[in-house]
Amino acid sequence: METKLPINIKDLLSKRTVESERIEYKSGWNPESVLHSICAFANDFHNLGGGYIVIGIEEQHGQPILPPAGLKSDQIDRLQKELLNLGHAAIVPAYHPLSAVYRYMDKDILVLWVPGGESRPYKSKTTLSDKKNEWAWYIRKHTSTKKATTDEEHELMGLAASVPFDDRYRLAASMQDLSPRLIQEYLTSIGSELAAGHEALSLDDISRRMNIAGGPVESLCPKNVGLLFFNEHPARFFPATQIDVVYFPDGPAGDRFEEKIFSGPLDKITRDALSYINRNYIKEIVVKHADKPEAERFWNFPLAAIEEAVVNAVYHRSYEIREPVEIRITAEELMVLSFPGPDRSIRLPELQQGRAVSRRYRNRRIGEFLKELDLTEGRSTGVPKILRAMNKNGSPPPVFDTDEERTFFLTRLSVHPNALTPEVTPEVTPEVTPEVTPEVTPEERVCRALEGEMTRAQLQQALGLKDTEYFRTKFLLPALNAGLVAMTIPDKPRSSKQRYTLTVAGKKRIS
């Protein structure tokens with residue numbers, strides 16, 4: 001059976017889920033250059049999760065030149081044997097990337113997946129010439145592989161004992177603690193070619209290929225990241241792996257509160273918590289003014305900002321600290337609290353302005369899986385997105401807070417000032433007294449977002465919803481069943497050319 005990696009090759013080449021600095025293109029086979037790149041990705045100097053080497057595609061300024069040049073089929077077996085030899089004889093400690101052959105645009109290409117190594121730092125031969133026997137440490141800097149400077153060597157040595165927590169083995173767990181069903185669902189959702197051949201692979205094989213388990217053949221052991229995503233109850237191994245949503249209808253000082261606890265795999269609790277908040281606490285408000293024809297539309301809290309704040313908390317919290325991610329909601333604000341705080345190298349004023357950049361992440365592997373699932377982009381984009389979403393909604397800017405010891409991180413999202421309850425709404429003159437209309441239903445939101453003919457993905461994006469199943473069941477199907485929206489190809493609901501358009505009833509609903 002042909003080997004495949006747990007990533008969609010089209011997504012890889014389009015950089016949809018992998019940053020350009022984690023991909024290196026090689027038009028042909030240059031063993032010395034490939035060796036240095038393997039060494040650099042294995043050292044994972046910035047804790048980004050290693051990278052990919054694509055052989056058979058030329059690059060220009062970091063971009064692939066397509067169609068690919070490709071490799072000859074008789075080359076590939078020879079190259080893979082050379083790779084095995086390089087991993088034993090030309091890099092210390094020994095290191096072997098995972099390799100797979102893909103047919104892309106009618107050409108064969110070889111893709112090497114080089115995860116951050118568990119025995120870093122690695123050094124490799126500077127040349128494969130028999131006349132020299134010099135060795136050096138290599139690292140990635142932006143989109144290039146380079147020799148480490150003396151200072152970088154010292155820093156690399158300091159990383160030797162600090163394999164990120166999510167990439168460590170969980171000796172108290174066994175391979176039976178990984179759920180084949182959850183693994184299959186994940187591979188299917190990201191469009192991995194491993195999904196089609198999942199049944200033909202053993203759990204051990206597929207776990208190795210996904211790098212969620214490792215160790216000797218006779219004693220394979222799951223990694224923390226595998227248990228966090230592919231175990232039904234990860235809190236058994238990591239207590240307080242949960243998201244608590246707490247609502248205070250009378251404010252924090254009141255006697256009443258509503259609490260909902262989400263536990264389970266990380267991606268599931270993230271989606272479920274966001275869907276719960278969206279259903280119960282997010283409201284669109286339409287204010288009509290007597291002195292102007294245009295109505296004012298805004299949300300009490302923009303969902304896009306909440307999504308980024310919650311995903312950031314799940315991504316960057318420590319799973320060694322027994323404290324959940326907590327979301328506290330009142331009429332005045334929504335707060336997301338996680339432990340610990342940001343790295344000390346990040347200055348709070350820069351963070352508040354969206355200019356702080358961290359290139360060494362606490363949970364590099366968790367970030368990889370969240371990016372594959374389209375739940376985050378990484379690359380320090382979360383805070384700027386929160387700032388933009390709040391500004392676009394007309395809400396006050398968010399507030400980010402921590403203490404000197406960086407023991408916690410708190411994101412405060414204030415309610416839109418015009419969404420306050422009548423008791424605290426500032427007085428206005430009779431000429432401009434606002435009239436607040438009832439909450440817009442999901443069906444009406446679909447009608448308002450639909451322009452001309454749109455695909456499912458375009459309509460979902462227009463509504464600002466990330467969870468496809470939630471969009472389908474709570475928005476699209478109700479609008480179709482109500483006769484407000486129609487398919488352009490009703491006899492083929494699953495057609496790739498399917499579009500959605502407003503019916504006469506739908507147009508009347510929003511007129």
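This text goes from the whole protein to one strand and then to one loop residue. The model is a predicted one.

Take the overall build to begin with. The protein holds 16 helices and 23 strands. Its C-alpha trace spans about 90 × 60 × 45 Å along the principal axes. Is that in line with a globule? A compact globule of 511 residues would have a radius of gyration near 24 Å, and the protein has 26 Å, so the two agree.

Next, the packing. Of the 511 residues, 51% are buried. Contacts also tie together distant parts of the chain. Among contacts with a separation of 6 or more, 66% link residues 24 or more positions apart.

Now the surface and the charges. The protein exposes about 24,700 Å². Carbon and sulfur atoms supply 50% of that area. There are 67 positive and 71 negative charges in the protein. The mean position of the positive charges lies 4 Å from that of the negative ones.

Zoom in on strand β17, which covers residues 325-329. How many of its five residues are buried? Four of them are, so the rest of the structure largely encloses β17. The cut-off matters here: a residue is called buried when its relative accessible area is under 20%.

β17 has strand partners. One is β13, residues 242-247, which pairs with β17 in the parallel sense. Five bridges make up that pairing. At residue level, V246 has R328 of β17 as its bridge partner.

Another partner is β18, residues 333-338. In what sense do β17 and β18 pair? They pair in the antiparallel sense, over four bridges. Here E326 stands opposite L337 of β18. The connection between these two strands is a hairpin, and three residues form the link from β17 to β18. One general point helps when you look at such strands. Side chains in a regular strand alternate between the two faces of the sheet.

Finally, turn to a loop. L194 sits between helix α5 (180-189) and helix α6 (203-210). Is this loop residue buried or exposed? L194 has 1% relative accessibility, and therefore counts as buried. Compare its position with that of K123. The two residues are 71 positions apart along the chain. In space, 32 Å separates the C-alpha atom of L194 from that of K123.

To recap, β17 is paired with β13 in the parallel sense and with β18 in the antiparallel sense. L194, in its loop between α5 and α6, is buried.

How values were computed: Residues are numbered from 1 along each chain as its sequence is written. This is a predicted model: local features need pLDDT of at least 70, side-chain atom pairs count only at pLDDT 80 or more; totals for chains, interfaces and linings use all residues. Side-chain values use heavy atoms; hydrogens and water are left out. The radius of gyration is taken over C-alpha atoms; the globule rule is 2.2 Å times the number of residues to the power 0.38. Buried means under 20% relative accessible area, exposed over 50%, partly exposed in between (1.4 Å probe, protein chains only). Contact means heavy atoms within 4.5 Å. Accessible areas come from the Shrake-Rupley method with a 1.4 Å probe; for residues, only the protein chains shown count as cover. Lys and Arg count as positive and Asp and Glu as negative; His and the chain ends are not counted. The place of a charge is taken as NZ of Lys, CZ of Arg, CG of Asp or CD of Glu. Two strands pair if DSSP finds at least two bridges between them.
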